[in-house]
Amino acid sequence: MASNRSNGNNGRQNGCKPQTVSKTTASAGEYKVGPGRPPREYQVKPGQSGNPKGAKRKPPSIALDLKLSLERALTKTVKLKQGEKERMVSMAVACIEQLVAQFAKGDRHARRDLIALAEKLGVNLLAGQHQAIQEALASNHEAILLTYVERQYDKVCTPSPVFAPPELLDDDPQDPNQS
């Protein structure tokens, strides 16, 4: 069977535009077979792929399954023991409480993670601490801060040279009789 397409010119023959016939005017008897117009029995049927051996389907992503598994795991309840008391909390709450406890002990990784989590969630870590900060910077601590600023200033700016009093200077040439 001969190919219905011409040699790579996408349905054009000798530079001419392909003729288009609307479906309403083209009845079964008037349909002309030609370049770009295959016979009806070889046309793609509605609901059928034009390329049955084409690209394979991508495997479904596991991201949704992982998200669901994580949500399920975080909502499970666990018993927390605090001294004599036991209480039931979700795994997410237990995780946050453990992170805060590690932060309070001085763990630098917990500090980094807690600050990042608070920033992502929009939590103000200094909420309620403004009064304590003001008290820490009270006037009795002002002397400590001024001393610190002076030390840092000396690191940035070189101090002016200090000259010794004239009686300590030995600028006189040595007398040959004294030697």
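**Confidence, a helix pair and a charge over a ring**

This is a predicted model, and its chain comes out at an average pLDDT of 78, with 76% of the residues scoring at least 70. The weak spot to flag here is residues 1-13, where pLDDT stays below 50. That stretch still has 15 contacts in the model beyond near neighbours in sequence. Where pLDDT is low, though, the predicted coordinates should not be read in detail.

On to the helices. Helix 2 covers residues 91-105 and helix 3 covers residues 108-121; the two pack with their axes 8 Å apart, at an angle of about 125°. Helix 2 and helix 3 are therefore oblique to each other. As for handedness, helix 2 goes past helix 3 in a left-handed crossing. Helix 2 brings I96, L99, V100, Q102 and F103 to the contact, while helix 3 supplies A110, R111, D113, L114 and L117.

Aromatic rings are a quick story: searching the whole structure turns up zero aromatic pairs. Y31 does have a charged partner, since R40 sits over the face of its ring, 4.2 Å from the ring centre.

How values were computed:
Residues are numbered from 1 along each chain as its sequence is written. This is a predicted model: local features need pLDDT of at least 70, side-chain atom pairs count only at pLDDT 80 or more; totals for chains, interfaces and linings use all residues. Side-chain values use heavy atoms; hydrogens and water are left out. Rings of Phe, Tyr and Trp (its six-membered ring) pair if their centres lie within 6.5 Å; planes under 30 degrees apart count as stacked, over 60 as edge-to-face and the rest as tilted. A charge sits over a ring if NZ of Lys or CZ of Arg is within 6 Å of the ring centre and within 35 degrees of the ring normal. pLDDT is the predictor's confidence in each residue, from 0 to 100. Contact means heavy atoms within 4.5 Å. Axes are lines fitted to C-alpha atoms, for helices over the stretch in contact, and angles run from 0 to 180 degrees between N-to-C directions. Helices (H or I, at least four residues) and strands (E, at least two) are DSSP runs, numbered from the N terminus. Angles under 35 degrees count as roughly parallel, over 145 as roughly antiparallel, 65 to 115 as roughly perpendicular and the rest as oblique. A crossing is left-handed if the near helix is turned anticlockwise from the far one by less than a right angle, and right-handed if clockwise.
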